[in-house]
Each structure stands twice: as C-alpha cells, then as structure tokens.
Amino acid sequence: MTQKATRIAALKAMLGDDLVLAGEDIARYCRDWHGDVISDALAVLRPRTTEDVSACVRATNSLGVSLVPQGGNTGLVLGGIPDEPAHQVIISLERMNRIRMLDTDDFSAVVEAGAVLGSFKDKVEEAGLFFPLALGAQGSCQIGGNVSTNAGGINVLRYGMTRELVLGLEVVLPDGSIFDGLSTLRKDNRGIDLKQLFIGAEGTLGIVTAVAVKLMPKPSQVATALLGLKSLEDAIALYRRARHDCCDLMSAFEFMPPLAFTLAREAMPDLAMPLSGENPAYVLMEISGSGLVDIDDLMQRFLEGALNDGLVIDGVIASSNSHARNLWLFREGMNEGQAKRGPHLRTDVSVPLSKLPAFVRDAETAVMASLPDCLCVSYGHIGDGNVHLNVLPPSHLPRAEKDQRIYLAKNIINEVVDAFGGSISAEHGIGRLKRPDFEARLPDVQRQLLTAIKTAIDPNSDMNRGCQLNFASTIP
Ligand code: FAD
C-alpha cells in the first residue's frame, strides 16, 4: 500500500467510514471559490459533533498529518485549501449546522460552526430578530468561517465586523482538548478575553465548533436607494453627511463605478438597468430601523437635501422589497461578472476614509502606467475605508501572461497602500495567498508575539500549517 492509502485506512480504522471521505469525492473541497486553484488532500473528515472533531484531531496527530479547517470554502485567500496535499487533511464542519439555542429575551443564540450564514439569518428572522452579518457569499459561507476570517460585509458601518457580534466560542484545540467559552454574557471582564485569539485566526489555532452571537431587533423598515454622483470625493462627502443626518440608522453604503452595471449584466443578462443615464460614480445606500422611526421619511428628506446641494445628481429609491433586491443584484453581480472574465487580481484593502479618493486615484494611475492593457475596477464598502481595487487583464492573453500582470498589479497596489498607511487585507484575511506580502510587512515585535502565541497553542504547527505565517514546523 502507498503511504497515502495506509493513512486513509488508519483514519477509517480510528474514526469509522462515516467520517472519512477519500478519493474522487473530495474534489469539490479542494478547489477555491473562483476555480483558479485546484489542490488535493489526503482525505476530508466530516465530523457531526464537537467530540467527533476532537477525535479527528487526535487521530491526525497520531499520524503526524496536519489539518486544514474548512467552512463554506468561499474564502478568497486560499486559507481553507491545502498547499501540502500529501501531508494535509481537510476537516469540513458542514455537518455541524444546528442552532443549539436561540433566546429572544436575551437577544442571543448559540449556533454550530457549520451553519450556513444565510440559513441561520433566516431562522433568526423567523424568530423575529436579526443577525446583521451580511455578505455576497452568505448562501454558502458558514458561521465558523465567518468567525475564523472575522468577516466584514455590507453592514459593518452600523454593526461592526464579526468580532463585534461574537459573545462566546467553543473551539477544539490542536491537542484535541475543548475550549468551552460559549458564554452569552454581554459583560465579562474576567481577565484576558481568550476567545478573541481564535477570531480572525483562520484556523491556525484551533477548530471553531460553535459560536454564541448577539442578535438585534429585526428592522421592520428598510429604505434602499441607488444614487448617481459626480465622483468618489462626493461619495465620501455624502457618507459623512449621512452619518450626521441619519441618526446612525445607515446600515449600508456601497460604492460602484459605472462598469458595475456592465459586469453585473454579463453575469445576469436579465437585470433591468435601474437608471436611464450614466453617472461617473454610484452609491447604493440603505437606512433601516425598527419601532417608532419613519425610515422612508428620513431617506426622502436626506436625499432632498443632498440633491439640492448637488451632492447627488440622479437616483432611485426602491419602491418595494423586490425592487431593493434588484438594486442589490448589481452590487453582488459585479463579483460574478468579473469571475466570468477569467483570472484577475482581487484586492481587499483599506485606508483612512479621508484618504480613500486620493488612494484610488494614485493606485489606478500607477497600475495603468505600468499595465495599460488592463482594466481597473474599484468598488466596495467605502464607509469602512475598504475598497476592492481589482485589475482585469485582457481576456485573450494566455494564462501565464495574465498571472504575470496580476502579480505586478498586486505589488504596485500594495506599495500605494503602504504609502497611505493602509492595510493589504481589510476583511478577507491572509490565508496562503497573502502570506508573503503579510510576512514582508510584519514588524519584528508582532512576529515574535504571533510566533509565541502559535507555539503556546499549536507547538507542532498541526493546525492549518502554511496559512497566515510560515511558522517553523516539526512536521516531517
Ligand atoms: P472558508 O472559506 O471555508 O475558510 C476561510 C478560513 O477560515 C480558512 O482559513 C479556514 O481554514 C478557516 N475556517 C473555516 N471554518 C473554520 C472553523 N470552523 N474553525 C476554524 N477555522 C475555520 N468576506 C468579507 O469579509 N466580506 C464580504 O463582503 C465578502 N464578500 C464575499 C463575496 C463573495 C461572492 C465571496 C465568494 C466571498 C466573499 N467574502 C467576503 C469572503 C468569504 O465569504 C468570507 O471570508 C467568509 O467569512 C468565509 O467563510 P467560509 O465558511 O466560506 O470559510
């Protein structure tokens, strides 16, 4: 028997056939969301309970192979895909998807890591409450993946990143022991808050098996508007004004270029154009609330003022839920439209809000100066200073030439990010894709701290080796 076959047989003997998937059946776990990267693994483990996860960890430890946790596999930085397939086993949380508790009086819930975000949100809404994390991948991504990447999304400006929604965690540690921190207390200052270590750790410190989260009142009124503007500068001015004028009820503020409509319609040809003319810039804005406020009136009055002052030059307020959904499809369809054009650079960077227009101008100018045949597409959650400045090589080029342009564009943009004091990863994490750029920018003290934490919790680097940092490893 080959070493691979021996290891698979050993895993099945220790864990039973039901938990261990091998052979052709594992292909779908081994490719990234865009299909740009195809990898492999020794096997995929699919636990049903926290105790199963613990058993999986002990079994793989005994064989000296490392684990790559995987949720919905929608991550955009290759954190959940093996890069050493001969020595790595994927552990998928997809079968751990129960809501263990939902307490409408306490505004809290405990949900297993493999629950799909969109399904969980639906269940919470059926109970009359609201879980505000919202992102384009919510039909597939899982709560455990959201926690492990500290996901952002469209509602961050109102409700914060995932970290701010987490009350407690259950985590299986690299030695198989279980960290039980599933408290739903709002206030708990008993020393260092250990759960924070695992949020955004991308599975490098343990496997999140369940999460206690905050729930919010369900917004009974939502007003959505698509607005045409003269420039990105005006979009920032409009955002600031909305922060002051909309009583902190603004829940989304997304920036899109005119190209958004072309890209979205390449993915969804039936989408009807929402505005007749073309404007240099667009904002998709949402205000929402529950209780006694009149959200429609607030949106009307806010936009009247912005139109009178020339900050907004065109726009439409959604007249129904389906109209609002249609407007959002342009924002979401942009990603699919870009994916259809083939391999391209996807960045996820942030700079201080006031510097955002200058950053986009400088970065796009620098890219176009070096790569004039490429197309820049800048859009995103600009209320958070977060922009996806993507670069699309000409579709007719051979793959190697596309990859070369992607690499060059990434370096150019990262240099501009550095010059603006920004972050090369605003919300997607580091994974394997951004590791070299992350490591190259890591100050010594931060590196020492990260290494000390990793060594204390995962001394053999068994957990998602190769993700985030290239920690010294004792694995053969
Ligand atoms: P995976 O992709 O499976 O894994 C991501 C990382 O977390 C990996 O390192 C993996 O090892 C680790 N991990 C997964 N589950 C666990 C677990 N239970 N325990 C420990 N580690 C684990 N992200 C945003 O932040 N904001 C957005 O607006 C956004 N929009 C997106 C839109 C689209 C169309 C797509 C495809 C992606 C988008 N993303 C966005 C990225 C992605 O959806 C998020 O990073 C998401 O949180 C990943 O969840 P997942 O379950 O798919 O995790």
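Here are some short exercises on the structure above, each with a worked solution.

**Before you start**

This is a predicted model, in which local features need pLDDT of at least 70, side-chain atom pairs count only at pLDDT 80 or more, and totals for chains, interfaces and linings use all residues. Residues are numbered from 1 along each chain as its sequence is written.

**Exercise 1. Find out what the confidence scores of the model are.**

Start with the overall scores: ipTM is 0.99 and pTM is 0.94. Next, go to the protein chain, where the mean pLDDT is 95 and 99% of the residues reach 70 or more. Here pLDDT is the predictor's confidence in each residue, from 0 to 100. Where pLDDT is low, the predicted coordinates should not be read in detail.

**Exercise 2. Split the protein chain into its domains, and work out how domain 2 meets domain 4.**

Step one is the division itself: domain 1 (3–95), domain 2 (99–217), domain 3 (221–340) and domain 4 (349–419). These bounds come from an automatic or database domain assignment.

Step two is the distance. Taken over C-alpha atoms, the centres of domain 2 and domain 4 are 32 Å apart. Each of these two domains puts 4 residues into their contact, where contact means that C-beta atoms, placed from the backbone, lie within 7 Å.

Step three is the chemistry: the side of domain 2 that touches domain 4 has 3 nonpolar residues, 1 polar and no charged. For these classes, Ala, Val, Leu, Ile, Met, Phe, Trp, Tyr, Cys and Pro count as nonpolar, Asp, Glu, Lys and Arg as charged, and the others, Gly among them, as polar.

Finally, check the record: an unreviewed UniProt entry annotates residues 37–218 as "domain: FAD-binding PCMH-type". UniProt positions are in the numbering used here, feature names are shortened, and annotations may be inferred rather than shown by experiment. In the model, the end C-alpha atoms of residues 37–218 lie 39 Å apart, and the span is 19% helix and 25% strand. Helices (H or I, at least four residues) and strands (E, at least two) are DSSP runs, numbered from the N terminus.

**Exercise 3. Describe the shell around the ligand and explain why it lies between two domains.**

Begin with the residues. There are 37 around the ligand, and Gly71, Gly75, Gly79, Gly144 and Gly145 come nearest; a residue is near if its C-beta atom, placed from the backbone, lies within 6 Å of the molecule.

Then sort the shell by class, which gives 22 polar, 13 nonpolar and 2 charged residues.

Now trace the elements. Strand 3 (66–70), helix 4 (143–149) and strand 10 (207–214) each give at least two residues, and helix 4 has the largest share, with 5.

To finish, look at the domains: the shell lies between domain 1 (3–95) and domain 2 (99–217) because both give residues to it.

**Exercise 4. Decide whether Asn73, Asn150, Phe107 and Thr50 are buried or partly exposed.**

The rule comes first: a residue is buried if 20 or more other C-beta atoms lie within 10 Å of its own, exposed if 12 or fewer, and partly exposed in between, with C-beta atoms placed from the backbone.

- Asn73 sits in the loop between strand 3 and strand 4 (88–92). Its count is 22, so Asn73 is buried. Beyond four places in sequence, Asn73 is in contact with Tyr29, Trp33 and Gly80.
- Asn150 is in the loop between helix 4 and helix 5 (156–159). A count of 20 makes Asn150 buried.
- Phe107 is in the loop between strand 5 (99–103) and strand 6 (108–112). With 16, Phe107 is partly exposed.
- Thr50 belongs to helix 2 (residues 50–63). Its count is 19, so Thr50 is partly exposed.

One more step, on the backbone: phi is near 50 degrees in Asn150 and near 55 degrees in Phe107. Most residues other than glycine have a negative phi.

**Exercise 5. Work out which residues Leu392 touches.**

First place Leu392: it is in strand 18 (residues 386–392). With 23 C-beta neighbours inside 10 Å, Leu392 counts as buried. Not counting residues up to four places away in sequence, Leu392 touches Gln338, Arg341, His344, Cys374, Leu375 and Val377. Take Gln338 from that list: Gln338 is 54 residues from Leu392 along the chain, yet their C-alpha atoms are separated by 7.8 Å.
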